[in-house]
Amino acid sequence: PANELGDMNCDGVVNNFDIDPFVLALTEPQLYARLYPDCDINNGDINGDGLLNNFDIDPFVECLSLGGG
């Protein structure tokens, strides 16, 4: 699903191909929105606090190792 936590490129799978989009969403959210217009940037809010920020990095890595949120 395109709204799965951690699926930052919206290909329906949480894997290593989501790392670069996740970092882009953290560092340049406007560019992320342009490059991934059909993706919800909130897929990167892994800890569920309503914000995509540095506190989502560790949970994102864990999400990758488990294959999705």
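Which residues form a disulfide, and how far apart are their sulfur atoms? That comes up in the second view; all the views show a predicted model.

**View 1. The whole chain is built from three helices and zero strands.** Reading along the sequence gives the pattern α-α-α. The C-alpha trace spans about 30 × 25 × 20 Å along its principal axes. A compact globule of 69 residues would have a radius of gyration near 11 Å, and the chain, at 10 Å, agrees with that. Buried residues make up 33% of the 69. The accessible surface is about 4100 Å², and carbon and sulfur atoms account for 55% of it. Among contacts with a separation of 6 or more, 52% come from residues 24 or more positions apart.

**View 2. Cys10 and Cys39 are the disulfide pair, with their sulfur atoms 2.1 Å apart.** The pair ties together distant parts of the chain: Cys10 sits in the segment before helix 1, while Cys39 belongs to the loop between helix 2 and helix 3, 29 residues apart. The structure holds one disulfide. Cys39 counts as buried because its relative accessible area is 14%, under the 20% cut-off. What about Cys63, and why is there no bond to Cys10? The closest cysteine sulfur to that of Cys63 is the one in Cys10, but at 13 Å it is too far for a bond. Cys63 is buried as well, with a relative accessible area of 5%.

**View 3. Helix 1 (19-27) has a buried side and a face turned away from it.** Pro21, Phe22, Leu24 and Ala25 are the buried residues here. They lie on the same side of helix 1, because the arc they cover around the axis is only 165 degrees. Their packing partners are helix 2 (29-35) and helix 3 (57-66). Flip to the face turned away from the buried side and you find exposed residues, Asp20 and Thr27.

**View 4. Helix 3 buries Phe60, Cys63 and Leu64.** The arc is only 100 degrees around the axis, so these residues share the same side of helix 3. Helix 1 is part of what covers them. On the other side of helix 3, the exposed residues are Asp58, Ser65 and Leu66. Just past the end of helix 3, Gly67 takes a positive phi of about 80 degrees.

**View 5. The largest nonpolar core gathers 11 residues.** Its members are Met8, Val14, Phe22, Leu24, Ala25, Tyr32, Cys39, Ile46, Phe60, Cys63 and Leu64. Helix 1 and helix 3 each put in at least two of them. It's a familiar sort of arrangement: in soluble globular proteins, nonpolar side chains tend to be buried together. Zoom in on Leu64: leaving aside residues up to four places away in sequence, Leu64 touches Val14, Asn15, Asn16 and Ile19.

**View 6. Gly12 sits in the segment before helix 1.** Is Gly12 buried, exposed or partly exposed? Gly12 counts as partly exposed, because its relative accessibility is 33%. Gly68 is 56 residues away in sequence, yet the C-alpha atoms of Gly12 and Gly68 are 9.5 Å apart in space.

Methods: Residues numbered from 1 in each chain as written. Predicted model: local features only at pLDDT ≥ 70, side-chain atom pairs only at ≥ 80, totals over all residues. Heavy atoms only, no water. Helix = DSSP H or I, 4+ residues; strand = E, 2+ residues; numbered from the N terminus. Buried < 20%, exposed > 50% of the residue type's maximum accessible area, 1.4 Å probe, protein only. Arc of directions from axis to C-beta. Contact = heavy atoms within 4.5 Å. Rg over C-alpha atoms; globule rule 2.2 N^0.38 Å. Areas by Shrake-Rupley, 256 points an atom, 1.4 Å probe, with all protein chains shown as cover. Disulfide = S-S within 2.5 Å. Core = buried A, V, L, I, M, F, W, Y, C linked by side-chain atoms within 4.5 Å.
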